[in-house]
Protein chains: 2
Amino acid sequence: MSANIEAAKAALSHLDLETREAGIKAASRDFFWYSPVLKDRLDHVMADFVVRPTSEAEVIEVLKVCFAHDVPVTTRGAGTGNYGQAMPLAGGCVLHLRNMDKVREITPGRVVAEPGCLLKNVDAATREHSGQELRMFSSTWETATIGGFVAGGSGGVGSVTWGSLRDLGNIIRLRVVTMEAEPRILEFRGEELARVSHAYGTNGIITEIEMPLAPAYDWVDIFVSTEDFGAAVALAEDVANEDGILVKLASVYEAPIAHEFFQRVKPFVSENSNLVGLMIAPHSMEGFLTFLARRPEVTLIYRSDDHDWPRRPGKVFEYGWNHTTLRALKVDPSITYLQVRYGFPDHVALIEKIRASFPEGEILQHLEAMRMGGKVAFGGLTLVRFTTEERLDEIVRLHEEAGAMIFNPHRYTLEEGGRQMTDATQLNFKREADPKGLLNPGKMISWDDPEFGYDAMYAYPGLKETAE
Amino acid sequence: MSANIEAAKAALSHLDLETREAGIKAASRDFFWYSPVLKDRLDHVMADFVVRPTSEAEVIEVLKVCFAHDVPVTTRGAGTGNYGQAMPLAGGCVLHLRNMDKVREITPGRVVAEPGCLLKNVDAATREHSGQELRMFSSTWETATIGGFVAGGSGGVGSVTWGSLRDLGNIIRLRVVTMEAEPRILEFRGEELARVSHAYGTNGIITEIEMPLAPAYDWVDIFVSTEDFGAAVALAEDVANEDGILVKLASVYEAPIAHEFFQRVKPFVSENSNLVGLMIAPHSMEGFLTFLARRPEVTLIYRSDDHDWPRRPGKVFEYGWNHTTLRALKVDPSITYLQVRYGFPDHVALIEKIRASFPEGEILQHLEAMRMGGKVAFGGLTLVRFTTEERLDEIVRLHEEAGAMIFNPHRYTLEEGGRQMTDATQLNFKREADPKGLLNPGKMISWDDPEFGYDAMYAYPGLKETAE
Ligand SMILES: Cc1cc2nc3c(=O)[nH]c(=O)nc-3n(C[C@H](O)[C@H](O)[C@H](O)COP(=O)(O)OP(=O)(O)OC[C@H]3O[C@@H](n4cnc5c(N)ncnc54)[C@H](O)[C@@H]3O)c2cc1C
Ligand SMILES: Cc1cc2nc3c(=O)[nH]c(=O)nc-3n(C[C@H](O)[C@H](O)[C@H](O)COP(=O)(O)OP(=O)(O)OC[C@H]3O[C@@H](n4cnc5c(N)ncnc54)[C@H](O)[C@@H]3O)c2cc1C
């Protein structure tokens, strides 16, 4: 099966096609360079062309043409993923959805949007319409699309209350186009959502999304500092467990993250300050301040509704989730990170155990309080001072041996970034919806190599060809 | 200290005063008769007069006059409390607040209302204004006041998500008038709220209330049945732990409650059916139905948005909380109830242990899923087939010995209905705000008899006088 790129381009020439090298290159990369491992493997990856459909009908047209000419298709929202999710490992076509950016319908508790709509634009529309907003969003709210979030993300700001995207009810409906001679349009709800959500566009293109909404408030951004790390962890967990205090974010940053990497916060903390970043509903502020006053060991250093900082720190959520890594990387390029799950009820003990098992300064805890099965626990986006790939693998292993689950952000496949096993739902749907295996090739190991043993990093064979 | 009733009445004669015996009698009683124990003790209780102020200024006038003439004042919202909370044990004045019923201000997340506003009228105003509603309400939403709920209630519909009224953030501000020669007006927030919330009006009159709001949805009322009691408990707990499914109510009714006491439900269940009553947000219905389909052992028998029941069952929340007891009582007057707390994480085991320790049919489990410190657990409003007071006390003791906390609804004092100990915050504030002890006499043991040992039911000495 060999791609007939030129035929495909010709057939699509009436659409918004990008064929300049610089444009193609830009649309072929995402934030994969967060990972020194992926940077090493994927830096050269490049599509043959980029097409920007403006409607579902055009998406279908692109898929039909690419199917006919055996051209791989990798979908792109805004390319803010950081595992190379949106990178066309086998070249071919990048299907860029940023032009499908309409918000179609807003009702109490629901929004229907096109996939290329930026998260912030979904929220702007729902807030303006009826004081609503997305329950949760990636910290790339300013730049990322709702389609990319659903297909490539997992949760984020809001997960402390609402859990993860994968939880029942956090996606209502997805409309999906298949990669066949005659692409079909399917509507998924309920159990079927798991086929294509967080599937990196490997088995269908999402063309419409229905998401649940929560009320939009003028969230108060807060920073609290404390000398004791345990007190910071307890603060984040306990406030998230205060049933009457509405929280949208509770992030914990071990010292000296705030002092070293958060430039605007630095004047207000010391090297020994652990930091907690919070978003609290304005009508929960009285309750929150009462809660805080019971903890003399912590200090409120910033609240966005009342402060005397000469330079505002900006949105507190842009310190959290994967933004922490970004800020650290900018100051110290040797830094990378891990994604860890500290599940209830042993989460706090596990965090302490892991902290104790690394040399000073090699890893720094960055935790996000989130609900898992109704219980508040922590996701970790641990900062890691990178030395070698071997040591990084060892750090992963040490976490797993201690009992923490790792979602390895130094891998570009669904399985290795997930639970290291076949997702039968996604695989079966790919068999049905992408029989030629043209969608985002190289991202689903179980499709390429069902016998893969996970003893070393998966190396997509198609990648080499492109590299030549 | 002897009350000069006639002088007080004369001084207040320009206000809306009730002096007819039937009117006074009606305003002197609440739902105390739920309890055979309280019925026995309080049936004769009656005030000397009733006054219905229309403003805070009039409240102050009443308090001033009653203070001057040593007249006890018992505040009344709608009198739906069921521990005799609003009953004037020492006679005197009933301060009826139903005329102070204005909603004053609505903003995102907040409402400010007068205490006599019915819960349903608060919700009607906030829904109309901006699609908002109270986070939680007593199942007496149709008939009870917001002031009575804050001063006499504890939680209810919505507590499965938001916890209890006592949790930080669930009351924002209370404005309170004191019982002194010159009544003072105080504003309480934060820690100070505990002085007067759930204090039965023993230490101040609440004249304005600021409460947090949640979005108002057209909640779908649902009944699910199952032959296995454990499956019903698990269903209620698990749905409440589904972070992406927005739930407002999750009640469990052991068989044969539904068949025996829920007339409109009866045709759809058998004697062996355990029932779960739910309120689910409409935009969570897809998620909920997916959740439900994973449990073949349960049957969806009713959803208010799609059913073929010839006679609608009415609001599902009017089967839950204390309405269960009411429905049972109507069918079988020998029934009364207990209030139990089954705390996380041993709640399910504890419920089973207690079920096993009573003869068949003496108690029936009615559980309400609720959040306590961030964890879903259960409040029990156990139906009890009453035989004697001695056996009722024994049933209470057996629960406590098993490890469950009981809030005894067969007692009219704050302490006995609570944790059987002095609430120093409430007592200290009473010393300050009600120096003559005129507010709702007989309800705070620590005021009357600091040495009381809780070995038998407290008998307010002032009560006998009234009975004469
Ligand atoms: C600084 C930073 C912070 C981040 N914070 C978070 C966070 O808090 N939570 C989180 O979950 N992630 C986070 N991420 C990862 C990423 O930003 C999010 O997943 C983001 O929502 C992706 O959106 P996007 O539009 O950039 O998607 P892209 O990167 O363009 O695409 C993501 C994946 O989805 C696929 N895809 C995109 N659109 C479609 C579609 N319509 N149909 C099918 N497949 C599609 C792509 O092929 C790709 O595999 C962060 C990344 C960075 C760099
Ligand atoms: C069928 C039924 C179901 C119920 N369900 C619930 C439930 O789900 N949750 C729950 O918590 N309770 C429940 N209750 C108890 C009761 O209905 C609620 O507490 C209700 O909110 C009380 O409101 P009310 O206006 O009737 O108050 P009242 O009974 O009039 O007063 C309650 C107490 O508050 C005091 N009070 C009233 N207003 C003021 C004021 N402005 N300032 C100071 N003190 C004041 C009174 O003196 C009295 O002590 C139920 C009762 C019944 C009969």
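**Exercise 1. Identify the residues with the most contacts inside the largest nonpolar core of this predicted model, and list what one of them touches.**

Solution. Begin with the core itself: the largest nonpolar core of the predicted model contains 256 residues. Within that core, the residues with the most contacts are Val265(A), Phe288(A), Val265(B) and Phe288(B). Next, take Val265(A) and set aside residues up to four places away in sequence, after which its contacts are Phe223(A), Ala258(A), Leu275(A), Ile301(A), Trp309(A) and Tyr319(A).

**Exercise 2. Determine which rotation superposes chain B on chain A, and through which surface the copies meet.**

Solution. Chain B is brought onto chain A by a rotation of 180 degrees, with 0.0 Å of shift along the axis and an RMSD of 0.0 Å. This is the relation of a two-fold axis. Turning to the interface, 100% of the interface residues of chain B are also interface residues in chain A, so the copies meet through the same surface.

**Exercise 3. Describe the surroundings of ligand 2, from its shell to its polar backbone contacts and its buried area.**

Solution. There are 38 residues around ligand 2, and those that come nearest are Thr75(B), Gly77(B), Thr80(B), Thr145(B) and Gly155(B). By element, helix 6 of chain B gives the largest share of this shell, namely 5 residues. Oxygen atoms of ligand 2 lie 2.8 Å from a backbone N or O atom of Ser154(B) and 3.4 Å from a backbone N or O atom of Phe149(B), while a nitrogen atom of ligand 2 is 3.5 Å from a polar backbone atom of Gly201(B). Finally, ligand 2 taken alone exposes 970 Å², of which the protein buries 97%.

Notes:
Residues are numbered from 1 along each chain as its sequence is written. Chains are lettered from A and ligands numbered from 1 in the order in which they are written. This is a predicted model: local features need pLDDT of at least 70, side-chain atom pairs count only at pLDDT 80 or more; totals for chains, interfaces and linings use all residues. Side-chain values use heavy atoms; hydrogens and water are left out. Copies are superposed by least squares on the C-alpha atoms of residues with pLDDT of at least 70 in both. Contact means heavy atoms within 4.5 Å. A nonpolar core is a set of buried Ala, Val, Leu, Ile, Met, Phe, Trp, Tyr and Cys residues joined through side-chain atoms within 4.5 Å. Buried means under 20% relative accessible area, exposed over 50%, partly exposed in between (1.4 Å probe, protein chains only). A residue is near a molecule or strand if one of its heavy atoms lies within 4 Å of it. A polar contact is a pair of N or O atoms within 3.5 Å; within protein, one must be able to donate a hydrogen and the other to accept it, and residues adjacent in sequence count only if both atoms are side-chain atoms. Accessible areas come from the Shrake-Rupley method with a 1.4 Å probe; for residues, only the protein chains shown count as cover. Helices (H or I, at least four residues) and strands (E, at least two) are DSSP runs, numbered from the N terminus.
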